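Grab a pencil and work through these exercises with the model open beside you. Try each task before you read its solution.

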Amino acid sequence: MMRKFRTPERLQKITAAASFRQFSLRVVIENIHDAHNVSAIFRTCDAVGVPKITLLYTKETFPKIHKVTSASANKWVDVEKFNDVKKCVESLRSEGFKVYASFLNKNAKNLYDLDLTQKVALVFGNEHRGVSDEMKTLADDLFYIPMRGMVQSLNVSVAAAVTLYESQRQRAAKGMYDKSELTEQELNELIEKWCEK
């Protein structure tokens, strides 16, 4: 099949980015209110190779992704939507994901003690409420980002970026970006799809 692209350089960039996609890494956005925060998370997901974001909205309305804030990352990151926490977690588990939710309490684990090279879905909650009580109960683990200052929280898009870059660090150290998680046929199909965008 003839690939549609503007230059050989663009095809090379698409091929590399598609190869780096980490299908064993998922981000779940639960009721994040500010669409700019959501868009910024999309941008970070694209940067570290997260191929799909799960939007879980049970209280807030589904956000509109800002093209400028996301730098059009939403064009390269797939989306699935849920309006039920239990169904969302069941779906992730059926795909083999462990579910880690970001929330600071006495049972939460330090981010840097987590193995983020396994098949894992990372959940980030609302700017004020955090993740829902139901998500806290259903998640396999809660985690927190260690902080040394007086303020004990980060902007949610920053927290997602810190977590995702730790995921990338662990995965790169394990060589997980060196070979695509897709079969050759699946990778070619993804490249073809992206060349049409």
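**Exercise 1. After the helix**

Which residue with a positive phi follows helix 4?

*Solution.* Keep in mind that this is a predicted model. Go to the end of helix 4 and check the backbone angles there: G96 follows the helix, and its phi is positive, near 95°.

**Exercise 2. The other end**

Find the residue that caps the N-terminal end of helix 4.

*Solution.* Look for a side-chain oxygen by the backbone nitrogen of K86. D84 supplies that oxygen, at 3.1 Å, and so caps the helix.

**Exercise 3. Two faces of a helix**

Sort out which residues of helix 4 are buried, and where they sit around the axis.

*Solution.*
1. Helix 4 runs over residues 85-94, and its buried residues are V85, C88, V89, S91 and L92.
2. Why might such a spacing work? An α-helix has 3.6 residues a turn, so residues three or four places apart point the same way.
3. Now check the arc: the buried residues of helix 4 cover only 160° around the axis, which puts them on the same side.
4. Flip to the face turned away from that buried side, and you'll meet the exposed residues K87 and S94.
5. Last, see what the buried residues pack against: the partners include strand 1 (25-30), strand 2 (52-56) and helix 5 (133-138).

**Exercise 4. Ring pairs**

How many aromatic pairs does a search of the whole structure find? Work out the geometry of two of them.

*Solution.*
1. The search turns up 4 aromatic pairs.
2. Take F20 and Y177: the ring centres are 6.2 Å apart and the planes sit at 70°, so this pair is edge-to-face. The cut-off for that label is an angle over 60 degrees.
3. Place them in the chain. F20 is in helix 1 (residues 8-20) and Y177 in the loop between helix 6 (156-173) and helix 7 (184-195), so the pair ties together parts 157 residues apart in sequence.
4. Check accessibility: F20 is partly exposed at 40%, whereas Y177 counts as buried at 13%.
5. Next, W76 and W194 have ring centres 5.3 Å apart and planes at 70°, so they're edge-to-face. W76 is in the loop between helix 3 (67-70) and strand 3 (78-82), W194 is in helix 7, and 118 residues separate them. Both W76 and W194 are buried.

**Exercise 5. Lysines over rings**

Which rings have K119 and K136 over them?

*Solution.* The charged end of K119 sits over the ring of F97, 5.0 Å from the centre. K136 lies over the face of F103, at 3.9 Å from the ring centre.

Key:
Residues are numbered from 1 along each chain as its sequence is written. This is a predicted model: local features need pLDDT of at least 70, side-chain atom pairs count only at pLDDT 80 or more; totals for chains, interfaces and linings use all residues. Side-chain values use heavy atoms; hydrogens and water are left out. Rings of Phe, Tyr and Trp (its six-membered ring) pair if their centres lie within 6.5 Å; planes under 30 degrees apart count as stacked, over 60 as edge-to-face and the rest as tilted. Helices (H or I, at least four residues) and strands (E, at least two) are DSSP runs, numbered from the N terminus. Buried means under 20% relative accessible area, exposed over 50%, partly exposed in between (1.4 Å probe, protein chains only). A charge sits over a ring if NZ of Lys or CZ of Arg is within 6 Å of the ring centre and within 35 degrees of the ring normal. The arc is that of the directions from the helix axis to the C-beta atoms. Contact means heavy atoms within 4.5 Å. A polar contact is a pair of N or O atoms within 3.5 Å; within protein, one must be able to donate a hydrogen and the other to accept it, and residues adjacent in sequence count only if both atoms are side-chain atoms.
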